[in-house]
Amino acid sequence: RWDLYTIVQSTLHEVWARKYSGALKQDLRYSPSKCFDTFPFPEGLWQTANPTFAEIGERYHEHRHALMRRLWIGLTDVYNLFHARDLTSDRVAKVSGKPGEAESGYQGLLELRSLHREMDAAVLAAYAWSALDLGHDFHEIETLPENDRVRYTISPDARKELLRRLLALNHQRAAAQAAVATVTKKGKIKTVIAHSPGELFAP
C-alpha cells in the first residue's frame, strides 16, 4: 500500500530505524522485527488506508523512478546526489555521464528534496505533531562515519524529540495491550492481542 510506503520512506521512520537497527560495519542493517514491527504507525492506518499518504507516496516513488531512468543511475547514486551539499548540474553530469540531462536532473533532485519534506510534514501531521519544527537542511548524523556524516535531513534536535515521542507512543500502546486481558478457566491471566506493527515493544 502506498500509504504505508509513505510512512517507511519518511524521516520519522528512518529515525526509529537508525536507533533500533543493527549495523553491518557502519551501514544500517534494517531489521523488520526490530524496526518495522515495533514502529508506532499512525493510529488506525492498518485498518483504514489513508488516501493523502497514498498520493504523496506514489508521487514520490514515481518522481524518483523517472529521475533514475532519465539519468540512468541507481538508488545509491540518487541519494548520494540528494544528500550532496555542493549539488550542481555539473556534478549531476559527472555522476550520470549524461551532460544533456544534467540541468533537468539537477532540478529533479531539488524536487525530490521538496517531495521528501512534504512527505515528512504529512506524516508529522498524522501524529498531530505539526508544531514541531523539523528543520530540514544539511546536518551531521552522529551514527554515520566521521568522514561522511552530512545528510539532507531533519535537525539533530528534531531527531531526538521525534525519537522521544515515538518511544513514548510505543510504550503507551504496549501498556494498553497489556491491560486487555481475560481470565482463563484456570484462573490464569491471558493477554489478548489484536496485533499490528508498532503496538507492542519493550526496548
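## Where confidence drops

Let's start with a weak spot: over residues 190-196, pLDDT stays under 50, and the model has 17 contacts there beyond four places in sequence. Another such stretch is residues 199-203, where pLDDT also stays under 50 and the model has 18 contacts beyond four places in sequence.

Keep in mind that this is a predicted model. For the chain, the mean pLDDT comes to 87, with 85% of the residues at 70 or more.

## Aromatic pairs

Now for the rings. Searching the whole structure turns up eleven aromatic pairs. One of them is Trp16 with Phe39, an edge-to-face pair with 6.1 Å from centre to centre and 80° between the planes. This pair ties together distant parts of the chain, 23 residues apart: Trp16 belongs to helix α2 (residues 11-20), while Phe39 is in the loop between α3 (32-36) and α4 (51-71). Are these two residues, Trp16 and Phe39, buried or exposed? Both are buried.

Tyr127 and Trp129 make an aromatic pair too, but here the rings are stacked, with 4.6 Å between centres and 15° between the planes. Tyr127 and Trp129 are both buried as well.

## A cluster, and a charge over a ring

Which residues join Trp16 and Phe39 in one aromatic cluster? The other members are Tyr20, Phe36, Phe41 and Trp46.

Rings can have other company, too. Arg113 lies over the face of Tyr152, at 5.2 Å from the ring centre.

Terms used. Residues numbered from 1 in each chain as written. Predicted model: local features only at pLDDT ≥ 70, side-chain atom pairs only at ≥ 80, totals over all residues. Heavy atoms only, no water. Phe/Tyr/Trp six-rings, centres within 6.5 Å; stacked < 30°, edge-to-face > 60°. Helix = DSSP H or I, 4+ residues; strand = E, 2+ residues; numbered from the N terminus. Buried < 20%, exposed > 50% of the residue type's maximum accessible area, 1.4 Å probe, protein only. Lys NZ or Arg CZ within 6 Å of the ring centre and 35° of its normal. pLDDT = per-residue confidence, 0-100. Contact = heavy atoms within 4.5 Å.
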